[in-house]
Every structure is written in structure tokens, then in C-alpha cells.
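Hello,

Here is the structure I promised to pass on to you. My notes on what turned up in it follow below.

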Amino acid sequence: MKQILEAILSGDNAAVGGLDVPDHYRGITVHADEASMFDGMDTKEKDPRKSLHLDDVPTPELGPGEALVAVMASAINYNTVWTSIFEPVSTFSFLKRYGKLSPLTARHDLPYHVVGSDLAGVVLRTGPGVNAWKPGDEVVAHCLSVELESPDGHNDTMLDSEQRIWGFETNFGGLAELALVKSNQLMPKPAHLTWEEAASPGLVNSTAYRQLVSSNGADMKQGDVVLIWGASGGLGSYATQFALNGGAIPVCVVSSPEKAEICRAMGASLIIDRSAEGYRFWKDEHTQDQKEWKRFGARIRALTGGDDPDIVFEHPGRETFGASVYVARRGGTIVTCASTSGFMHEYDNRYLWMNLKRIIGSHFANYREAWEANRLIARGMVHPTVSKVYPLEETAQAAYDVHRNLHQGKVGVLTLAPTEGLGVRDPELRARHLDQINRFRDR
């Protein structure tokens, strides 16, 4: 591993293909025998620092259509939080199911799970049948893993019957020194970004692209009023950028003055600080407060000059979903993923059915959508939202911070990269966008 890292740091990526692949590597794992450790505890009480481990694990066998990547940096996504607290189910159920598919996928069914759904790094080896990538290529990876052996996914690969999220529903994820991916997960690393910056957009940027921009999602157009929950967060910060770039009118919902200022720095002007304005959409655990929905809707109209949202960009889930359905305009769209505040949504169907609104479920992105989203990053049209970076040894603390919403934007993790700031290949493009690249830093 030391020789591989030295070759990458010296810029001699071509030499990587001639170096031996280590038979083991360090990775962040959860353990199957600890899957019940939080039973009976409230979600907020569950602590990723107790369940995430830094282990030395065997390097997996490389199969057809796959690539082994030396991971320079990764990032924390909410699916790593879910994995670490074993909600809504233990991810070992995913690995066991995947392991039954074929002798090759049986590699994934292990008593430990190497987690992580983002990476930036260098290809070490490719398996049989891989022609588009070679050892030494600098890459990022999206997290869609598909088999494409059934017809279901050939119009939209997200509909493949064996669609999975790499590092969450498969093993050998990106929060590690090495990662195993399918070659059709790979995309070129944006040359003007550091390793940690390039690693951070993958999952959330692609998810926001499909959810908001793609015809598979809300199909946003110029002039649309878009209500964005958590508009300065890991997912919402990309939705805010897409709305602004696409000529839409974002209404950014945040939870603090600091988060409101980040939205202004991105160019948004219509902002609701839900904490400062005291919105409480639930009277108690079982009862929503429709007066609060109406107050919230009135606040949106006051900001927009009387317009209701054409699109509601939903991801908090249970806490906000009733309000989201209510405030969307007649004929409007609520596009939803994630549900970080709870998966069991409740809403008053009268406001959906009688006003001809639509709810669209959106989950990650297909390869084409992920490629387009990455291309916008590479061209400097959308920017990473890294606020803080941790070493691999402190990944559990990073996941805890995300679980407790103590972060802004995305939280990065250095895996093989020894320090921040490495990996920039196009300093001129970087210099033109440095303020935008750094606007989330140290927030």
C-alpha cells in the first residue's frame, strides 16, 4: 500500500499497474455480531462511534466487469449513518440476499461490512471485459450497482431488478484504502478538485440531479418555484445549485442563521429559517398541526409574491411531509427520497387528490444521470460542498456528526491521502472557482 501511495503522490500513476496489490487493507466496518447492540434505543440515542470500526480486512477477488480502486478520499452519507445504527434494518440482510445471487456475489456475504458510497482515487486493476478504464486512471465512483440481466433496467438502470447501492447494499465500499466497484460506476475525477473535494459530490449530487432536474424526477424548468428542505445540507445544497443554474426560484428552508448565510452565498435570496420562525408541524407524536402548514404556506407566498411551490424537494420525510403536500401548488410535484426524520409519512390526501398534485419517489440516479451531474462538477458549473474533513481513523466521529446534524454540506474523509489539498491537476480552473469551492469550509 505504501508503494501505491508513493506512486500516486509522485504523479507516476502509470506505475500503479505494475505494483503488487496488497492482500489486505484498512476499512471502516460494522460487525454482524453487533447488529442488535442498539435494540430498544431511540434513533437519536444510537451512537455510530460504538458500531463503526477501523479494521484490517482481506482484499476481495476481482471479478469480470469490475475494478479495484486505491481510494484517496471518501465522504459520509446518511446511508452510512443508517448502516451504523442498523436502521431501518441491518445491512447484513442486504449482503446475505446479494450473496445468494451467484458464486461471484457470494464474496459480499461476510460477517463484516466495509461501508461507504463515495470515493475518489486511482484504478489499480480491472477485471476481464473492462475496456473503458485502465490502471492509473484517476476516477470518482457513483454508487449504483446493477446486474442488468433482466429487461427491467434497460430503459432506466435504476429499475433493474437487482439494483443496489454500493457500500450500503453491497460490501467493499469507499470508506477504506481499497474499494471494489463495477467498472460502470466509474467517472473521470474533476481535474480542478482535491481528492476530498472530488469524493464528496458523488451520491448526493447525482441524487439531487435525478430528483430535481431529470425527467425521471421533477423535470424542473425555468421559472419553477422550488421549495428545498435542508437547503444548505449535503443533498439540499446541490438542489439549491441546480435550481439557481436552471433558472428556477429556490425557496431555501434551513434551521439556523449560519445555514441561511450559506444559502445566500450560493446565490439564493428566498430563505426560511424554520427554527427562528418556530414551525412545529406536529402537535404530538401522533397529530399534525394543519395551522402550521397554513402558516408555512403563507410564509412561502409572502416570499415569492404569491406563488406556491411548483416543486417540493423532499428528503426529511415524516417530520415535514404533511406540510410538503399541503404547500405544493395545484398540479404541483412533491419529489421525495431518503426520509431522514422517519420513513412513515402521513399527509392529508384531500390536498393531494383534489388539487391534482403528484408524489414522485426518486432513488439515486442511473449512470447517465450520474455522469451528467459529474460533468457539471468537472466544468465548474456546480461545486462541492465540503465543510470539514476527517482522517480515516475518525470516521466514526464524522458519522456521529452527520447523525446529530452538527455539520454543513458534506463531511469528507481522507483514506489514503495523507493530507488535504492533494490531487489538483487543473490549477487554472480551480483558481477561477476557488471562492465557490471553499464557501462551505469551516462552517
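Helices (H or I, at least four residues) and strands (E, at least two) are DSSP runs here, numbered from the N terminus. By that count the protein has 15 helices and 20 strands. Please keep in mind that this is a predicted model, in which local features need pLDDT of at least 70 and side-chain atom pairs count only at pLDDT 80 or more, while totals for chains, interfaces and linings use all residues. Residues are numbered from 1 along each chain as its sequence is written, and side-chain values use heavy atoms, with hydrogens and water left out.

Overall shape first. Along the principal axes, the C-alpha atoms fill a box of roughly 65 × 50 × 40 Å. The radius of gyration, taken over C-alpha atoms, is 21 Å, which agrees with the value near 22 Å for a compact globule of 443 residues; the globule rule is 2.2 Å times the number of residues to the power 0.38. Contact means heavy atoms within 4.5 Å. Among contacts between residues at least 6 apart in sequence, 73% join residues at least 24 apart.

Now the interior. I call a residue buried under 20% relative accessible area, exposed over 50%, and partly exposed in between (1.4 Å probe, protein chains only). Of the 443 residues, 59% count as buried. In soluble globular proteins, nonpolar side chains tend to be buried together. A nonpolar core is a set of buried Ala, Val, Leu, Ile, Met, Phe, Trp, Tyr and Cys residues joined through side-chain atoms within 4.5 Å. The largest such core has 90 residues, and Leu 186 and Leu 212 have the most contacts inside it. Strand β3 (residues 66-76) gives this core its largest share, seven residues. Another core, of 22 residues, lies apart from it and includes Trp 282, Phe 296, Ala 323 and Tyr 351.

You may like the second largest pocket. A pocket is an open set of points on a 1 Å grid over the protein atoms alone, where a 1.4 Å probe fits, with protein on both sides within 12 Å along at least five of seven lines; lining residues have an atom within 4 Å of a point. This one holds about 160 Å³ of space, the volume being that filled by probe spheres set on the points. Among its lining residues are Tyr 98, Arg 107, Glu 147, Glu 149 and Lys 182. The lining divides into four nonpolar, three polar and five charged residues, with Asp, Glu, Lys and Arg as charged, Ala, Val, Leu, Ile, Met, Phe, Trp, Tyr, Cys and Pro as nonpolar, and the others, Gly among them, as polar.

A few backbone details are worth a look too. The peptide bond from Glu 87 to Pro 88 is cis, with omega near -10°, and Pro 88 is found in the loop between α3 (78-85) and α4 (92-99). Leu 148, in the loop between β7 (144-145) and β8 (164-165), has a positive phi near 55° and counts as partly exposed at 28% relative accessibility. Leu 356 also has a positive phi, of about 55°; Leu 356 is exposed, with a relative accessible area of 56%.

Finally, Asn 13 sits in the loop between α1 (2-9) and β1 (24-31) and is buried at 10%. Residues up to four places away aside, Asn 13 touches Ala 7, Ile 8, Val 122, Gly 136 and Glu 138.

Best wishes
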